[in-house]
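Colleague: Please take me through one part of this model closely: the surroundings of the ligand. After that, I'd like to hear about a few spots away from it, with the reasoning spelled out as you go.

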Amino acid sequence: MLQHINTIIERNVNLSQVLHEVAQILHAEFEHFDWVGFYLDDRKKKGYLKLGPFIGLPTDHVSIPYGKGICGQVAVSLQTFVSQDVSAEDNYIACSTEVQSEIVVPILKDGVFVAQLDVDSNTKNSITEEQIELLETICAKLSILF
Ligand code: SME
C-alpha cells in the first residue's frame with residue numbers, strides 16, 4: 001500500500017487529486033476507517049482549517065477554527081491526536097453521532113503546519129500503534145506536495 005501511495009505522490013497530478021486518492025486507498029484498505037479526509041490551512045481565512053478531499057459521509061464542518069475540536073487542537077499542538085473514545089473528549093466536534101474513535105495527524109512543511117489527515121472510525125478503541133505509525137509516515141511523505 002505504501003508503494004502505491006509513493007507512486008501517486010511521485011506522479012503528483014495535483015494536490016487535490018493526490019489527497020483524494022490517498023483518502024480512497026486508506027478508506028478501502030481499513031474496514032474501520034469510516035471517514036478519511038484532509039483539512040488544509042485556510043490561506044484566505046487566517047486561523048481556520050478548511051475541508052479538503054475526503055471519503056465518507058459529507059460533513060457540515062467545512063471550516064474549523066484553530067483550537068476547536070480535535071482537528072483545531074492539532075493545528076495548534078502540531079502533534080498527532082488519537083482518541084480511542086471520542087465520548088471522553090471535552091473539546092470535540094461531532095461530524096456524525098456514529099463516530100467512536102478518531103485520529104488526526106498533522107502535515108508540516110519545514111516545521112510549519114499546512115494540513116492534516118483526519119480518520120474517523122465507528123468502532124471504539126480501533127486505532128492501532130501500527131496504523132498510527134503508517135498514517136504518520138504517509139503524512140510525512142505528503143508534506144513535499146505543499
Ligand atoms: N471530529 C473532528 C471534526 C472533523 S469531523 O470528524 C470530519 C474534531 O473534533 O475536530
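Modeller: Quick bit of vocabulary before we dive in: a strand here is a DSSP run of E with at least two residues, a helix is a run of H or I with at least four, and both kinds are numbered from the N terminus. Also keep in mind that this is a predicted model.

Now, the ligand. Which cavity does the ligand sit in? The ligand is in the largest one. Around the ligand you find Trp35, Tyr39, Gly69, Ile70, Cys71, Tyr92, Ile93, Cys95, Glu102, Asp118 and Asp120. To make that list, a residue needs a heavy atom within 4 Å of the ligand.

As for where those residues come from, strand S1 (35–41), helix H3 (69–77) and strand S6 (112–121) are the elements that give two or more residues to the shell. Helix H3 makes the largest contribution, with three residues. From the ranges you can read that Gly69, Ile70 and Cys71 fall in H3, Trp35 and Tyr39 in S1, and Asp118 and Asp120 in S6.

In chemical terms, the shell splits into seven nonpolar residues, one polar and three charged. The polar one is Gly69, because glycine is counted with the polar residues in this scheme. The charged ones are Glu102, Asp118 and Asp120, because Asp and Glu count as charged.

What about polar atoms close to the ligand? Let's start with H3, where an oxygen atom of the ligand is 2.9 Å from a polar backbone atom of Ile70. At Cys71, a polar backbone atom is 2.8 Å from an oxygen atom of the ligand. A nitrogen atom of the ligand is 2.7 Å from a polar backbone atom of Ile93. These three pairs count as polar contacts because the cut-off for a pair of N or O atoms is 3.5 Å. And how much of the ligand does the protein cover? The protein covers 100% of the 300 Å² of accessible area that the ligand has on its own.

On to the loops at either end of S6. Asp110 is in the loop between strand S5 (101–109) and S6. Its phi is near 50°, a positive value in a residue other than glycine. Asp110 has a relative accessibility of 73%, so Asp110 counts as exposed, the cut-off being over 50%. Asn125 also has a phi near 50°, again positive without being a glycine, and Asn125 belongs to the loop between S6 and helix H4 (129–142). Asn125 counts as exposed because its relative accessibility is 59%. Asn122 is in the loop between S6 and H4 too, but Asn122 is only partly exposed, at 30%.

Follow the chain into H4 and you meet Gln131. Gln131 has a relative accessible area of 10%, so Gln131 is buried, since buried means under 20%. Its side chain makes a polar contact of 3.1 Å with the side chain of His32. Further along H4 comes Ile138, buried with a relative accessible area of 0%. Leu142 is in H4 as well, and its relative accessible area of 0% makes Leu142 buried too. Leu142 and Ile5 are 137 residues apart in sequence, and their C-alpha atoms are 9.4 Å apart in space.

Last stop is strand S2 (48–55) and the loop that runs from S2 to strand S3 (63–65). Tyr48 is in S2 and is partly exposed, with a relative accessible area of 27%. From Tyr48 to Lys68 it is 20 residues along the sequence and 9.6 Å from C-alpha to C-alpha. Thr59 lies in the loop between S2 and S3. Is Thr59 buried or exposed? Thr59 counts as buried, because its relative accessibility is 9%. A polar atom of the Thr59 side chain lies 2.9 Å from the backbone nitrogen of His61.

Methods: Residues are numbered from 1 along each chain as its sequence is written. This is a predicted model: local features need pLDDT of at least 70, side-chain atom pairs count only at pLDDT 80 or more; totals for chains, interfaces and linings use all residues. Side-chain values use heavy atoms; hydrogens and water are left out. A polar contact is a pair of N or O atoms within 3.5 Å; within protein, one must be able to donate a hydrogen and the other to accept it, and residues adjacent in sequence count only if both atoms are side-chain atoms. Accessible areas come from the Shrake-Rupley method with a 1.4 Å probe; for residues, only the protein chains shown count as cover. On a 1 Å grid over the protein atoms alone, a cavity is a set of points where a 1.4 Å probe fits but cannot get out, and a pocket is an open set with protein on both sides within 12 Å along at least five of seven lines; lining residues have an atom within 4 Å of a point. A molecule sits in a cavity or pocket if more than half of its atoms lie within 2 Å of its grid points. Buried means under 20% relative accessible area, exposed over 50%, partly exposed in between (1.4 Å probe, protein chains only).
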